[in-house]
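Biologist: I have just opened this entry and would like a guided tour. Could you take me through it one question at a time?

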Amino acid sequence: IFFSCAVYFCKLGIITMYVSSPRPKGFLRLFVWLAVVQFAIAQTDADSKVALVRPFAPSDIYQLAASFDRWNTYLPCDTGSSTARPDLYLCFSRDLNTDAAAKNVVHSILQQYRNDTEPWHSCFNNLFAVSAGLTPSEDQYVTNTTLAYTAIGPNLQFLRIARNLADQTWEGGSHDRFMLMEMDTRPVKKGWLDAMILESKANEPFTIFGSNYRGHRWDAFWLRMPEALRYHINGNAMYNLADPYFEDWYANLSSIFADGRHEVAYDVRISEYVLEDRINLDLFRRYKNTAKFIANYVHMSIVPGFHGDEYMIHGGQLVNEMPTDTETISLVVSDFDNPDDLKKIVDALKEGYHPFREVFIYTPNNETSETIALSADVHGVADNMTIKYIKRTEAAHFDWCNAPVTTKWMAHTNVYFTVRQPTRIPWSLAGKPILHYTGDNYCSQFGVCRASKLRTALFASSLGADVLEGHYRMSDMVFH
């Protein structure tokens, strides 16, 4: 910026001097030289090419075609912006020439792009269809916890994407950076492509720029998870091919995968590599998990408004929100004579960004009640909330049975939890609350989680809620 301003003001000075000087030739040569320098800077910026890569496997073929409908709803770019247009690559895990279904779907997408039939087409410089060339035996991704976990397919496909782009063996020429965007990464705001390019450019230098896990489904066993998993940047991220550490982490991945070690996915392997060499502060600082344009919410049920400023989300099931204008819900809280913890949850409730209008707190202490005037709830509606303290006369696990609830729905928690702001209740299309929980292989490494998943399987058929695969806790439930 400083240099550009200097060039600008130098030009103004040169023009003034040129007009008044009896010997303009020297100034003219200087003017031309500065103009060339500024053009070179602008050209370097223009030549900093970005590739957006969408990897897909045989099981993703039809999902790939349908995913672009969302791109018309959330247009990738501001068509009037000056942000450089990236190349878009559709990368099939196997060989497009030998898979008729994949070839037909990709051909249709390419034909539509050439005819410029969709609004999102203008956001890209070019569209290419490429193949990773995996064999059927290589193209495997097994996450079922009853079988041996293997990420061989995504691991090898990622390596081939990075190598082909770095070596410029695919159409499209050279690229400095590429963004990986899998099928479960979706835009939630317009202008997500511009945001991705501008933010990544502003955060150079980086090796990898993306999001760590920002959901809450791992909270119960977070500290027991491997450090590399907790702090890894999800694979849907921006990769800097021009970074000096690119070849280092690529060689590390290649060596590990050449030995057939695919029990860990490539993004966690990169995290292991960075953490093992954390004494290298330069590398550690270039591994940036602070991206705002994307957030990793894998295994989460996400209602509209839950996510923050990000333009794209990875993972997470997008669901509706309980309509509090037609549905009512109370909260029952179990207190165990913990005044500090009780104060925290009561203070959080008084902030008002939640749907609860009746709160029943079961406590060993005396009964009382208070009515709180809430300025607004999650929908911006002002209302009152009644908090009733009820002295417990039976065992604590009867609290939620004994509460004099008058609303249609009820939730239960205890003072060891708090109420996040804002609190929103996931809601299904069938008009029922959604019971959400973790259903991944990491959870199943722990006995408590395995037992919860088993109870879910036995209990699911009698629940008045839509059950997503995984485990649950009572504090995650909404009762009718």
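**A tour by question**

Biologist: Which residues of helix H4 are buried?

Modeller: Buried means under 20% relative accessible area, exposed over 50% and partly exposed in between, with a 1.4 Å probe and protein chains only. Helices (H or I, at least four residues) and strands (E, at least two) are DSSP runs, numbered from the N terminus. By that count, the buried residues of H4 are Ala-102, Val-105, Val-106, Ile-109, Leu-110 and Tyr-113.

Biologist: How confident is the predictor, on average, over the chain?

Modeller: Local features in this predicted model need pLDDT of at least 70, side-chain atom pairs count only at pLDDT 80 or more, and totals for chains, interfaces and linings use all residues. Residues are numbered from 1 along each chain as its sequence is written, and side-chain values use heavy atoms, without hydrogens and water. pLDDT is the predictor's confidence in each residue, from 0 to 100. In this chain 77% of residues reach 70 or more, and the mean pLDDT is 82.

Biologist: Over which residues near the start is pLDDT below 50?

Modeller: Contact means heavy atoms within 4.5 Å. Beyond near neighbours in sequence, the stretch you ask about has 17 contacts in the model. Another stretch with pLDDT under 50 is 469–474, where the model has 29 contacts beyond four places in sequence. The one you want is residues 1–24.

Biologist: How many helices and strands does the chain have?

Modeller: Of the 480 residues, 48% count as buried. Among contacts between residues at least 6 apart in sequence, 74% join residues at least 24 apart. The chain holds 13 helices and 22 strands.

Biologist: Back to H4: within what arc do its buried residues fall?

Modeller: The arc is that of the directions from the helix axis to the C-beta atoms. On the other side of H4, Ala-100, Asn-104 and Arg-114 are exposed. The buried residues line one face of H4, because seen down its axis they fall within 135 degrees.

Biologist: What covers that buried set of H4?

Modeller: H4 runs over residues 100–114, and its end C-alpha atoms are 21 Å apart, in agreement with the expected span. That expected span is 1.5 Å times one less than the number of residues. The cover over the buried residues of H4 includes strand E1 (50–56), helix H3 (61–73), strand E2 (87–92) and strand E3 (126–131).

Biologist: Which elements do the buried residues of H8 pack against?

Modeller: H8 spans residues 246–258, and its buried residues are Phe-246, Trp-249, Tyr-250, Leu-253, Ile-256 and Phe-257. They line one face of the helix, since they fall within an arc of 130 degrees seen down the axis of H8. Their packing partners are helix H5 (152–167), strand E6 (208–209), strand E7 (238–240) and helix H9 (266–276).

Biologist: At roughly what angle do the axes of H5 and H8 cross?

Modeller: Axes are lines fitted to C-alpha atoms, for helices over the stretch in contact, and angles run from 0 to 180 degrees between N-to-C directions. The axes of H5 and H8 come within 11 Å and cross at roughly 145 degrees. Residues making the contact include Leu-159 and Ala-162 of H5 and Trp-249 and Leu-253 of H8. So the value you asked for is roughly 145 degrees.

Biologist: How far apart in space are Glu-182 and His-314?

Modeller: Glu-182 sits in the loop between strand E4 (177–180) and strand E5 (185–187). Leaving out residues up to four places away in sequence, Glu-182 touches Arg-54, Pro-55, Asn-236, Tyr-266 and His-314. Glu-182 and His-314 are 132 residues apart in sequence, yet from C-alpha to C-alpha the distance is 8.3 Å.

Biologist: Which residues does the cis peptide bond with omega about 5 degrees join?

Modeller: Most peptide bonds are trans, and most residues other than glycine have a negative phi. One partner in this cis bond lies in the loop between H6 and E6. The bond joins Glu-204 and Pro-205.

Biologist: What is the relative accessible area of Gln-168?

Modeller: Gln-168 lies in the loop between H5 and E4, and its phi is positive, near 60 degrees, in a residue other than glycine. Gln-168 counts as partly exposed because its relative accessible area is 46%.
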